[in-house]
Amino acid sequence: MKLRRILYVSGWSLLAVLLGAVLLCALVLTQVNNQIKIFALAELEKRYPDFTFHIADAELVESKRIILKGVEIEAGSKRKIVSIGEIALDCPITLQTFSSRNLKIEHIAVRNPIISVTRSRSGHFTDWETLLAVKAGPGLTDSLKSVEVENAVILYSDETVAAEPVKLKLESARCSVSERTHWSVKSVFQGDQLRRLTVNAVFDSETKNWRAEADCKQFDWDTSLTPYLPFAAVSRPVNGRIDFTLQANSDVQAELGFRFQVKGIVSQGFLDVPELNRTVTGLNAKFYADNDGLRIDNLTAIGEASRIALSYTQQGLMKRRSAELTANVRGLTLDDKVAEVLSPFLNEKTQQILEKFDFNALADVHAELCYSDNRWKPKTVSLHVADLTFAYKAFAYKAERLSGTMYIDSKSDKNDVLNFRFVSRPDDILKVTVEGHYNNLAAAPDGVTDIVAENVPIDNKLITALPEAAQQLAEDLHPSGKLNAHLIFRLQADKELGREFDILLQETSAKYVRFPYPVNNITGMLQFRSGVWSFADVTGSNGNAVFQCSGTLHPDVFRLNVYAGNLPADEQLSGAVTETAKQQLLKSLHVQGSADINAQIVYQIASKQLDLRFQAVPRAGLSLCPDRFPYKFQNVAGSFLYDNGVVRSSLIKAVNGGVQMQTALDFRPAADGQSVLTLSDLHVTQLPPSGELLAALPANLRSIIVTTELRQPLDITGGIRFISGNTTVSQFDLTLTLRNNSVNLGFPAENVCGRVRLSGGSADDKLQINGGMILDSLTVQKLPVTEIQGQFQYSNNRLQFGTAANRLQPNVQPHPLTASFCGGKLYAEGLVMFADKISYSVNASLHGSDLALLARQLSPAATRTAGTLNCTGINIQGILPRQNAAPIAASGKIELRNADIYDAPAMLRLLRELGIREKDPNAGTFNSADIDFKLSGNQFYFDPIIFEGNLFSIFGSGTMLLDSQQIDLMMKTRLGNRRTQIPLLSGLIGGVGDQIIQLKIAGPVSNPSIERIALPNLL
């Protein structure tokens, strides 16, 4: 038991001793490793003072090696250039030898390093040039025999390239040191894009001389690596697989600081050409490059449907001094992107001109080019083109399916000549020829392109090819047919591209949308010069109508002059007027016939503003009948001027049967939708007062004229204005001239001569007239009335004349209607009311008429009648028309003064009945008369009738029928007269006298019967 306890205690004691020993050894080794780490850092910083070093850990393997772990090297600004997982320094080292610092390093193994290499913007590898320039010197590496690197990653970046670093894996590299400064390296690289790269190199750290050989297998190169090259050997790096061998050695005299030779093969390559938006594939070639230049042999490739064969030689690598290129391409697709590809071969101006054209074609190309004087020049370029589509962008009409050749030849170092000719296929209806000739392509090009196109259809393809501003105008014209075109593009040194276009129209039709009147068989020439289209002698037709046009089309305005001969005014023409108001105007005129028209059209393209003016000259036989004045005017002569909706004519003439008319015309639309038609300076002669005339007048004015019952033609002068909108308003100022006419004024009037002025207007059924008359004469019941003057006014079916009418008219002094009658003065005024029947009331008076003259008018045999006639207080009232003896009422007083009426047949018979001899000196004793009358219906009532003479008087009363002029009078005698009678005696004698003779007068006025009636008191 005691033994067991002793063993137990001894066991734990031994374990404690062992643990102590282990801890002691560990402590000693840790201290040694720290010393190694400190020693290594000190050595590195002493030899490389411009760099900072970090070592995570160090380990001593007794008698074998020192291992450094987590080694990092930083350049300035703490930029890490090396990170190494582990460095093994093989040397027979012990604790004693390490303490003496006498290390004999024979081999260095570097494992899992990450090396960052950066090329600066100046083209130098600054950090590495500094690092490699430091000489190791005598010391720790004097016994070094080799260096080995395993599983290295090299990260290469360039400050001039904004991209991720290139990553390259180094499978293994072994460097042998035959002498202290002479290194030989054998290394093997691989990576994601590299199957295998072996590099053998020799380097003398003392002299910095080196020599290297490389063999690369299956390096998959792409354009993302191109920017990392220290130089751009070619302008368009190829993507593809590269196999090459390289020999290089240092040479301070060389431009690059070394000399090299590289040759290899590119296979499975492709080349992106972004300017053409396509990729060349299947690229295979051999290449050779050295410090003096580059050569590419037997390059073949496929570009879509193209087959490419090329060889290239370049003198000078870093700076191209000269080069030659020979290429053959089959089935090359050419389009407008080709200008970018050809930019190295063209000067800026030529390239800009080429960019003005769109084209697409398939071509077989043979090109021999050379590079000298910092530019590419063609030696010989020939293209055989098929299926060419060609268009000038400013007039993008595409000519298609052309074929031909283009040939460029360098006649001298300063003169490149271009010739080309392309034509359409023989079976194409549209014939196109494009040919040209140019000199000095690269310097100061000059030449001409000539394009001829025949049978070009005028369709949507042609219209959409026009510039946008002209395109809308062309669409508005709705053209159809064909044309021939001749286009010339002329290029001269230091000048803009000149353009000349000639367009020959044939079998063309057009119908302008703003005036869609079809014009057919259009022929003529359109020309484009200095940015302006012009055309003259362009002709067309529509039936019997012929058209001639001339004009210009500027970028901002279109001007057109049109002559239309024998243009018919028919439905087709009125339908072509698109604006409703103008169309209604043309239709409302009811024009029949044709006219010659000269029109001027100005169209502002930007604002789409149309300015239209024309003059229309009627041809023989043209007639019109306006809705607003529906009287047919025939054989219209004169001219009409149209100005943007306003129609004017200074003088037009027309006839209708025997009626002749002339007038000035003005029609204009108003902003509120109304239109105004004015006929001024109107002269109408021999116008019948019935038929078409009545139909042309407003209804209310027509009814007045119907009532007047004019019988003979009359003349009209003045003017009429019609204002149409929601309602039609007419205004007029007309003078009617009557010659030997007849009129119903409530009584028939014949031989009417003179003028009547009608001034006023009508709206709907309302008529307003302020009028006046100056009549030379008229005859009533064979009695002449002359010098008739006065004013009248009509309103609301009410016609007033005389003083009442004057008061209604401004600036007119009130006075009655006046006239001359048998040497006397007639005064009248009155009122006429128009309803279903026309009623009138007239007040009149007559002063100073010559009774002798009146008697002779009634009876030429009355040679001894004399005296003065006065009529006062005359009032006449009645209704028209007087059908069925419509009642007429009248009243008044007739006075005869200084009268001698003995010649009257009735008076002679009366005197004989009174026992007075015919030649009795007292036969003319009746020298005055007073008659009060009333008319009711068809019967006159006279009460009293007084004839007074020096010896005795006759007085009485009676009646007369108006229509038959039958009288029935009862007359008495009285001694003396009212001036000579003594009141008492005269009354007595007069009373007796009344009983002496009493007469009954009856029968017709011209030959009445007179019967003496006995005195009742004497029987």
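Is K461 buried, partly exposed or exposed? K461 is partly exposed, because its relative accessibility of 32% falls between the two cut-offs, under 20% for buried and over 50% for exposed. The model is a predicted one. K461 is a useful way into it, since this lysine takes part in two kinds of side-chain contact.

Start with the charge pair. K461 forms a salt bridge with E400, and the closest N and O atoms are 3.5 Å apart. E400 belongs to strand β18, which spans residues 395–412. K461 belongs to helix α6, residues 460–464. The pair therefore ties together parts that are 61 residues apart in sequence. E400, like K461, is not buried: its relative accessible area is 42%, so it counts as partly exposed.

Now the ring. The charged end of K461 sits over the ring of Y397, 4.8 Å from its centre. A second contact of this kind involves an arginine. The charged end of R320 sits over the ring of Y371, 4.4 Å from its centre.

Strand β18 also holds D409. This aspartate is buried, because its relative accessible area of 16% is under the 20% limit. Which residues does D409 touch, apart from its neighbours within four places in sequence? The contacts are K379, T380, N415, D416 and V417.

Step back to the whole chain. It has 15 helices and 51 strands. It runs to 1019 residues, and 43% of them count as buried. Take the contacts between residues at least 6 apart in sequence: 48% of these join residues at least 24 apart. The accessible surface comes to about 54,100 Å². Carbon and sulfur atoms account for 55% of that surface.

Next, the cysteines. How many disulfides does the structure hold? The count is zero. C216 is buried, because its relative accessibility of 2% is under 20%. C753 is buried as well, with a relative accessible area of 17%.

Salt bridges are another matter. Side chains of opposite charge can pair when their charged atoms come close. The count here comes to 25 salt bridges. One of them joins R65 and D90, at 3.0 Å from N to O. R65 lies in strand β2 (residues 65–75) and D90 in strand β3 (residues 79–90), so the bridge ties together parts that are 25 residues apart in sequence. R65 is partly exposed, at 29% relative accessibility.

Charges can also link up beyond a single pair. E86, R111 and E150 are joined in a network of salt bridges.

A further bridge leads to strands β22 and β23. E500 pairs with R490, and the closest N and O atoms are 3.8 Å apart. E500 is in strand β23 (residues 498–512) and R490 is in strand β22 (residues 480–491), so the pair ties together parts that are ten residues apart in sequence. Both ends are partly exposed. E500 has a relative accessibility of 27%. R490 has one of 33%.

The aromatic side chains of these strands come next. A pair of aromatic rings is described by the distance of the centres and the angle of the planes. The whole structure has 14 aromatic pairs. Among them is F489 with F501, an edge-to-face pair. Their centres are 5.7 Å apart and their planes meet at 70°. F489 is in strand β22 and F501 in strand β23, twelve residues apart. Are these two phenylalanines buried or exposed? F489 is buried, because its 1% relative accessibility is under 20%. F501 is buried too, at 5%.

F501 also pairs with F528. This pair is stacked, with 4.9 Å from centre to centre and 20° between the planes. F528 lies in strand β24 (residues 515–529) while F501 lies in strand β23, so the pair ties together parts that are 27 residues apart in sequence. F528 is buried, as is F501.

These pairs belong to a wider group. Ring pairs link F489, F501, F528 and W533 into a cluster. Strands β22 and β23 are thus joined twice over in this account, because R490 and E500 form a salt bridge across them and F489 and F501 form a ring pair across them.

Notes: Residues are numbered from 1 along each chain as its sequence is written. This is a predicted model: local features need pLDDT of at least 70, side-chain atom pairs count only at pLDDT 80 or more; totals for chains, interfaces and linings use all residues. Side-chain values use heavy atoms; hydrogens and water are left out. A disulfide is a pair of cysteine sulfur atoms within 2.5 Å. Buried means under 20% relative accessible area, exposed over 50%, partly exposed in between (1.4 Å probe, protein chains only). A salt bridge is a side-chain nitrogen of Lys or Arg within 4 Å of a carboxyl oxygen of Asp or Glu. Helices (H or I, at least four residues) and strands (E, at least two) are DSSP runs, numbered from the N terminus. Rings of Phe, Tyr and Trp (its six-membered ring) pair if their centres lie within 6.5 Å; planes under 30 degrees apart count as stacked, over 60 as edge-to-face and the rest as tilted. A charge sits over a ring if NZ of Lys or CZ of Arg is within 6 Å of the ring centre and within 35 degrees of the ring normal. Contact means heavy atoms within 4.5 Å. Accessible areas come from the Shrake-Rupley method with a 1.4 Å probe; for residues, only the protein chains shown count as cover.
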